[in-house]
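The exercises below go from a ligand site to a loop residue and then to helix packing. Please work through each task with the model open, and then compare your reasoning with the solution that follows it.

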Amino acid sequence: MSAPPVASTVLSFEDARRVVEDHAARILPPGTETVDLLDAAGRVLAEPVLADRDLPPFPRSTRDGYAVRSVDLTNLPATLDVIAEIRAGEKREEIPTSLGPGQTVSIMTGAPVPTGADAVVMVEYTSRRGNRVEITRTVTQGENVVPRGAEAAHGSGLLSPGVRLNEVAVALAASVGKSRLEVYRRPRVAALTTGDEIVEVKAVPGPTQIRNSNSYSLAVQIRRAGGQPVLLPIAPDEPQALQRLIEKGLESDLLLMTGGVSLGRYDLVEEVLSEMAAEFFFTGAKIQPGRPVVFGRCGAGAPARETPATYFFGLPGNPISTMVTFELFARPLLAALTGQSPEKLTFLHARLKREIRIKTGLKRFLPAILSGEFENSEVELVAWQGSGDIAATARANCYAVIPADHETIAVGEWVAVLPR
Ligand code: AMP
Ligand code: MG
């Protein structure tokens with residue numbers, strides 16, 4: 001039995017990306033586990049994190065200086081009586097319970113402002129003589145004081161499930177006493193590379209053979225996106241063996257194949273998947289590199305479909321095509337499988353350093369060097385031999401995003417940049 005040929009669906013870059021995002025939005029988060037706060041970086045939060053008390057827990061001075069009643073500073077200079085000193089962490093018993101007219105306390109950054117004071121004057125505007133201090137500036141009510149609970153009220157939500165934990169989120173969790181966090185399990189992502197010419201890294205390649213680099217670049221990208229790579233053996237360009245390995249790959253949470261999706265006679269990936277009753281959402285995107293990229297879904301025990309369908313991508317085999325199409329399409333789906341809340345793709349911008357002339361029709365993601373300093377970022381393409389040129393791409397540090405409808409881009413024009 002032979003399945004009908006796969007209908008070709010070639011989309012614009014933006015449409016293809018939205019197709020992936022629509023599927024990503026419907027993915028249910030995976031199971032969870034609990035990790036130590038120190039191991040939480042890069043993981044995706046699976047529980048809400050709430051404020052366990054008001055933040056700050058007391059009215060906090062943001063300066064070293066004197067806590068005052070702002071009305072006492074109407075006429076300047078004002079001389080006030082210093083009745084106490086309050087350090088950060090001062091015991092509650094040591095803090096005056098009220099501040100009378102004409103009274104002040106010396107206070108340090110991070111210390112609690114006593115009841116009765118409504119502002120802090122910076123030490124720079126004061127001069128101390130014994131238990132008296134002369135103040136030469138007025139303050140507005142509330143100046144240099146963060147009121148109790150102003151950052152977050154007790155019980156309010158600080159972090160929601162779906163957040164990827166970075167240093168800010170980890171600091172917030174630490175500040176409310178969460179030494180362990182419930183996070184989503186890392187999804188398993190199978191990487192299956194295809195091609196009779198491909199040999200393992202440790203093998204001595206024959207004169208026309210190519211070492212497998214795609215499985216390794218994918219492993220890096222999968223890890224960086226929060227997945228657990230599962231490297232499968234290299235599949236030959238032969239349908240039965242390819243099908244067996246695809247079936248194996250479909251046991252993971254996501255299957256990424258590289259190679260075998262172009263129009264060559266031995267590009268068998270789509271044909272084999274079609275035999276397995278796969279659904280195809282697109283079979284190409286108007287981009288370079290990576291035009292033949294394929295996105296679909298297939299049940300493992302196909303055609304019986306014993307297990308729920310697994311998403312797959314067929315990434316074109318040229319190494320830079322594999323890397324770019326992972327970043328543009330596989331990444332958002334994988335992010336959803338990690339439990340992350342959806343995020344739109346955004347680009348940085350830099351001014352073009354050297355003119356680009358290019359054929360129209362495809363949106364291009366070309367290896368480029370981002371340079372300059374501070375607000376003056378510049379970008380220029382690296383010379384390369386096309387999407388198989390890993391060496392040139394290693395000299396680049398980003399991809400310049402070249403619109404599909406521009407033949408020339410002049411020096412100084414703003415160009416979108418996909419960081420790497
Ligand atoms: P394909 O997409 O199968 O037509 O492959 C396109 C190009 O990428 C060919 O030159 C392949 O030799 C090369 N290629 C495919 N798979 C890999 C791989 N795993 N590592 C390095 N190069 C590859
Ligand atoms: Mg091939």
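**Exercise 1. Determine which residues come nearest to ligand 1, and describe the polar pairs that Thr193, Glu197 and Asn318 form with the ligand.**

Solution. The model is predicted, and in it 16 residues surround ligand 1, of which Thr193, Glu197, Asn212, Gly260 and Gly317 come nearest. Taking the side chains next, a polar side-chain atom of Thr193 lies 2.6 Å from a nitrogen atom of the ligand, while Glu197 places a polar side-chain atom 2.5 Å from an oxygen atom of ligand 1. Asn318 contributes through its backbone, with an N or O atom 3.1 Å from an oxygen atom of ligand 1. Each of these pairs is to be judged against the cut-off for a polar contact, which is 3.5 Å between N or O atoms.

**Exercise 2. Locate Ile234 and list the residues it touches beyond four places away in sequence.**

Solution. Begin with the secondary structure: Ile234 sits in the loop that runs between strand E17 (228–231) and helix H4 (239–249). Then look across the chain, where the C-alpha atom of Ile234 is separated by 5.7 Å from that of Thr194, although the two are 40 residues apart along the chain. Finally, leaving out residues up to four places away in sequence, Ile234 touches Thr193, Gly195, Ile198, Val199, Glu200, Asn212 and Leu245. Thr193 and Asn212 also belong to the residues that come nearest to ligand 1.

**Exercise 3. Characterise how H1 (residues 13–25) packs against H6 (residues 319–337).**

Solution. Two packed helices are described by the angle and the distance between their axes. The axes of H1 and H6 come within 9 Å and cross at roughly 15°, which means that H1 is roughly parallel to H6. The crossing is right-handed. At the contact, Phe13, Ala16, Arg17, Val20, His23 and Ala24 of H1 meet Glu327, Leu328, Phe329, Pro332, Leu333 and Ala336 of H6; by class, these are nine nonpolar, one polar and two charged residues.

**Exercise 4. Repeat the analysis for H3 (residues 214–224) and H6.**

Solution. Here the axes come within 10 Å and cross at roughly 30°, so H3 is also roughly parallel to H6, and the crossing is right-handed. On the H3 side, Asn214, Ser217, Leu218, Gln221, Ile222 and Arg224 meet Pro319, Thr322, Met323, Phe326, Glu327 and Leu334 of H6, and the class count is six nonpolar, four polar and two charged residues.

How values were computed. Residues are numbered from 1 along each chain as its sequence is written. Chains are lettered from A and ligands numbered from 1 in the order in which they are written. This is a predicted model: local features need pLDDT of at least 70, side-chain atom pairs count only at pLDDT 80 or more; totals for chains, interfaces and linings use all residues. Side-chain values use heavy atoms; hydrogens and water are left out. Axes are lines fitted to C-alpha atoms, for helices over the stretch in contact, and angles run from 0 to 180 degrees between N-to-C directions. Helices (H or I, at least four residues) and strands (E, at least two) are DSSP runs, numbered from the N terminus. Angles under 35 degrees count as roughly parallel, over 145 as roughly antiparallel, 65 to 115 as roughly perpendicular and the rest as oblique. A crossing is left-handed if the near helix is turned anticlockwise from the far one by less than a right angle, and right-handed if clockwise. Contact means heavy atoms within 4.5 Å. Ala, Val, Leu, Ile, Met, Phe, Trp, Tyr, Cys and Pro count as nonpolar, Asp, Glu, Lys and Arg as charged, and the others, Gly among them, as polar. A residue is near a molecule or strand if one of its heavy atoms lies within 4 Å of it. A polar contact is a pair of N or O atoms within 3.5 Å; within protein, one must be able to donate a hydrogen and the other to accept it, and residues adjacent in sequence count only if both atoms are side-chain atoms.
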